[in-house]
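Hi,

Here's the structure I promised you. Have a look at it first, and my notes on what turned up are underneath.

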Amino acid sequence: MILTVTMNPSIDTRYQLDKLIIDDVNRVTPEKTAGGKGLNVSRVLLQLGDDVLATGLLGGHMGAYMAELMDADGVKNDFVPIAGETRICLNILHEGNQTELLESGPQIAPAELEAFTAKFAELAAKADVVTLSGSLPRGVDAGYYAELVKIAEEAGAKVLLDTSGASLEAALESDAKPELVKPNLTEINGLLGTSFTTDDVDALREALAADGRFAGIPWVVVSMGAAGSVGFHEGRAFRAKTPAIAAVNATGSGDSTIAGFAHAIAAGADDVTVLKTANTCGKLNAMDPKTGHLVMDCWDEVYNSVVVTEL
């Protein structure tokens with residue numbers, strides 16, 4: 001079983017406009033989704049045929065509605081209730097642009113976090129792979145993901161961590177290491193204090209090997225947008241190049257990539273298959289107007305076009 005964690009979920013509301021008119025009325029038809037990075041991962045894993053369970057924190061009327069949306073999507077879920085109201089996030093697609101309005105989310109009380117920690121320990125003990133995705137809500141210390149990594153690893157599950165900023169730094173500095181981290185090039189430059197470009201793969205490899213924070217993490221993947229990604233796995237280095245596509249909605253592509261990693265790692269796939277699967281999922285999500293959804297009819301075409309080279 002694959003367990004996905006979304007600590008700061010949201011009702012994602014998407015508006016498609018030919019033109020966004022500022023300081024005037026824009027009439028729209030909304031599309032509402034049970035959102036948050038971990039929920040995007042869950043929906044993709046369902047398409048891939050995995051046994052997946054979603055967990056996290058839900059509260060208020062919006063939380064109840066979000067549970068209904070998850071049920072409608074067929075996403076099995078076991079969330080911990082909180083007093084605060086689950087947030088709403090808006091995504092406005094207009095004139096080839098994407099404008100997002102993101103609420104910060106509710107404040108989490110210590111007792112609520114304790115309840116979730118207990119729930120997580122119970123569920124992680126049944127999982128083969130755990131994904132931890134996105135931001136932490138207010139009231140939760142930046143080191144909390146590191147705590148969850150330790151709980152899951154001690155239970156025998158492999159943890160894929162997809163976060164940034166202080167929570168990523170805290171996890172890297174912890175003794176308990178996840179199976180995989182997936183910062184983008186900007187984030188990795190911030191962590192290393194460097195200014196690497198997509199052409200500086202050898203220098204990036206040396207810098208990661210010299211940084212003790214990454215020691216003990218089997219998979220370090222650095223995403224590079226249209227240039228693909230580089231993956232470092234237990235001493236081996238790979239460059240993944242992806243085909244050019246007609247992107248419709250790139251929101252959730254990083255989450256879809258994590259779903260591909262979770263799917264392939266849970267299946268015990270070889271390194272090349274892991275990278276091809278993950279990159280294919282990211283591309284197929286960008287081809288679909290829905291967030292956290294793959295154009296499965298194009299799987300073979302895209303998968304066979306992803307080129308993975310060992311460096």
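A quick word on naming before the details: helices (H or I, at least four residues) and strands (E, at least two) are DSSP runs, numbered from the N terminus. Also keep in mind that this is a predicted model.

Let's start with the sheets. One is an open sheet of 10 strands with mixed pairing, in the order 5-4-1-8-9-10-11-12-13-14. Its edge strands, strand 5 and strand 14 (307-310), each pair on one side only. Further in, strand 11 and strand 12 (residues 229-233) run antiparallel and are joined by 5 bridges. If you want a spot to look at there, valine 222 stands opposite valine 230 in strand 12. Helix 7 (residues 201-210) packs on this sheet, where it touches strand 11, strand 12 and strand 13 (236-241). The direction of helix 7 makes about 35 degrees with that of strand 12.

There is also an open sheet of 4 strands, again with mixed pairing, in the order 3-2-6-7. Strand 3 (31-35) and strand 7 (97-102) are at its edges with a single partner strand each, so one side of each has no neighbour in the sheet. From one strand to the next, the twist averages 20 degrees. Strand 6 (residues 87-94) pairs with strand 7 in the antiparallel sense over 6 bridges, and cysteine 89 has leucine 102 in strand 7 as its bridge partner. Helix 2 (residues 60-73) lies across strand 2 (10-17), strand 3 and strand 6, and it runs at about 95 degrees to strand 3.

Now the pockets, which I suspect you'll want to click through. The largest pocket has a volume of about 680 Å³. It is lined by 29 residues, and Lys182, Ser223, Ser253, Gly254 and Thr257 are the closest to its centre. Strand 11 (219-223), helix 8 (253-266) and helix 9 (271-286) each give at least two residues to that lining. By type, the lining of the largest pocket has 8 nonpolar, 16 polar and 5 charged residues.

The second largest pocket holds about 550 Å³ of space. Of the 30 residues that line it, Asp12, Lys37, Asn40, Glu100 and Thr251 lie nearest its centre. Which elements supply at least two residues each to the lining of the second largest pocket? They are strand 2, strand 3, helix 1 (37-47), strand 6, strand 7 and helix 8. Here the residues divide into 5 nonpolar, 17 polar and 8 charged. Helix 8 turns up in the lining of the largest pocket and also in that of the second largest pocket.

As for closed space, a search of the whole structure gives 1 cavity of 30 Å³ or more. Its lining consists of Met7, Asn8, Pro9, Leu57, Ile82, Thr86, Pro106 and Ile108. That makes 6 nonpolar and 2 polar residues, with no charged ones.

Finally, salt bridges: there are 10 in the whole structure. In one of them, the side chains of lysine 76 and aspartate 51 meet at 2.8 Å, N to O. Lysine 76 sits in the loop between helix 2 and strand 5 (80-82), and aspartate 51 in the loop between helix 1 and strand 4 (52-59), so this pair ties together parts that are 25 residues apart in sequence.

Cheers

Note on methods
Residues numbered from 1 in each chain as written. Predicted model: local features only at pLDDT ≥ 70, side-chain atom pairs only at ≥ 80, totals over all residues. Heavy atoms only, no water. Pairing = 2+ DSSP bridges. Axes fitted to C-alpha atoms, helices over the stretch in contact; angles between N-to-C directions. Contact = heavy atoms within 4.5 Å. 1 Å grid on protein atoms, 1.4 Å probe; cavity = no way out; pocket = protein on both sides within 12 Å on 5 of 7 lines; lining within 4 Å. Points joined across faces, edges and corners; volume = space filled by probe spheres on them. Nonpolar A, V, L, I, M, F, W, Y, C, P; charged D, E, K, R; others polar. Salt bridge = Lys/Arg side-chain N within 4 Å of Asp/Glu carboxyl O.
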